[in-house]
Each structure stands twice: as C-alpha cells, then as structure tokens.
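Let's take a look around this protein together. Have the sequence and the 3D view open, and follow along as we go.

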Amino acid sequence: MTKKFLIVAPSYYPAMKFGGPPIATRTFRETLRRAFDVAVLTTDAGMTEDERRAAEGDAITIMRTKAGEQSKGFGFFPGGFGVIYRQLKAADIIYFRGIWNYITLLTMLMSVVLFRGKTRIVASTGKIPNIAKVGASQSLKTRVKHTLLTNPFLRSAQYVQFTSD
C-alpha cells in the first residue's frame, strides 16, 4: 500500500508573487509522486481566481483566505477546520513548509492534538538558527511566539529540514 504524504504550504504555484517557494513546493510534490500518494493543502494567496481554478484538483486543495475575493496574504479562512481535519486524517506523513503562516500553524496544532501518531516533518526554510537564539534582546511578542508556538511544534516533529541563511 502506498503511503499518503500531505504537503502543507502557505502558497503554491502559480502564486509567483512569493518567488521560489511555490515552484519548489510543486517540484517537491512531483518528485514525491514517484513513491507516495501526495496531496497538497495550501491557500489562494497570490493567485487570481483563474489561477486558483487551474491549480486546484489532482489532490491539490486550496483554502480561500478571504471568501469571495482574491487573497493578498496568508490570513484566516473560515470553515477550513473540516477540510484540514480530513486531510490530516488521510495522511501518513505530514510535511509543513514554513512555520509562520496561519495554515501551517493551525494544521500543525491540529496534527499534534488530534493525530499524535503521524509522522511530521517541519521545513522552516532558514528560520531555525534564529529560533534557537530566543533571548532578552528580542521583543516580547517574538519571545512569546517562539515559546508558545514554534518551539513546541519543532519538538513535536520527527524531522526538521532547514537551510541556513
């Protein structure tokens, strides 16, 4: 039986507004498809409505970040909990690309609380060394964010992938 691999990413091709990550995520998905049943959970950030319609399907689920209008960022999407739950339940391995966006934080939290036995991989893309330096010189907001969200999520992951700055 083929393992089910879920990629959770804040943006996906053709959202070129965000540079290389949407293309890298699509390339990663295509590579994984050789060995896994791969699904992608992403947002419509940076996509026009036509781009969204063209990208969705073939195991790609695109969450609307603002109902009825093109998203300009990675904000809240109402009604997404059920979609995220079903995607997490179906997956054997969950890969989180980026850790600072609503979709990745919410999905990571749900996976930790509801699906403890799942394999989680966090790909922070260059942010891990900065997280390790949490200290008094950082703002209170940054220290709270690292202490309450980021550090527990990283500790709950079985694997952490990062590149240096």
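## Two strands and the path between them

Start with strands β2 and β3: they run parallel, and four bridges join them. To get from β2 to β3, the chain passes through helix α2 (residues 49-55), making a right-handed β-α-β crossover. Keep in mind that this is a predicted model.

Now zoom in on Thr43, which sits in strand β2 (residues 37-43). Its bridge partner over in β3 is Met63. Is Thr43 buried or exposed? Thr43 counts as buried because its relative accessible area is 1%, and the cut-off for buried is under 20%. The side chain of Thr43 also reaches the backbone oxygen of Pro10, at 2.5 Å.

Next, β3 itself. In a regular strand, side chains alternate between the two faces of the sheet. You can spot that here: Ile60 and Ile62 point one way, Thr61 and Met63 point the other way, and all are buried.

Here are the three elements we just visited:

| Element | Residues |
|---|---|
| Strand β2 | 37-43 |
| Helix α2 | 49-55 |
| Strand β3 | 60-63 |

Further along is helix α4 (residues 102-114), whose 13 residues reach 18 Å from first C-alpha to last, close to the 18 Å expected. Plenty to check in α4: its buried residues include Ile103, Leu106 and Val112.

Finally, zoom out. The protein chain has six helices and six strands, in the order β-α-β-α-β-α-β-α-β-α-α-β along the sequence. Of its 165 residues, 43% count as buried.

Terms used. Residues numbered from 1 in each chain as written. Predicted model: local features only at pLDDT ≥ 70, side-chain atom pairs only at ≥ 80, totals over all residues. Heavy atoms only, no water. Buried < 20%, exposed > 50% of the residue type's maximum accessible area, 1.4 Å probe, protein only. Polar contact = N/O pair within 3.5 Å; in protein donor to acceptor, adjacent residues only side chain to side chain. Pairing = 2+ DSSP bridges. Right-handed = clockwise from strand over helix to strand, strands pointing away. Expected span 1.5 Å × (residues − 1).
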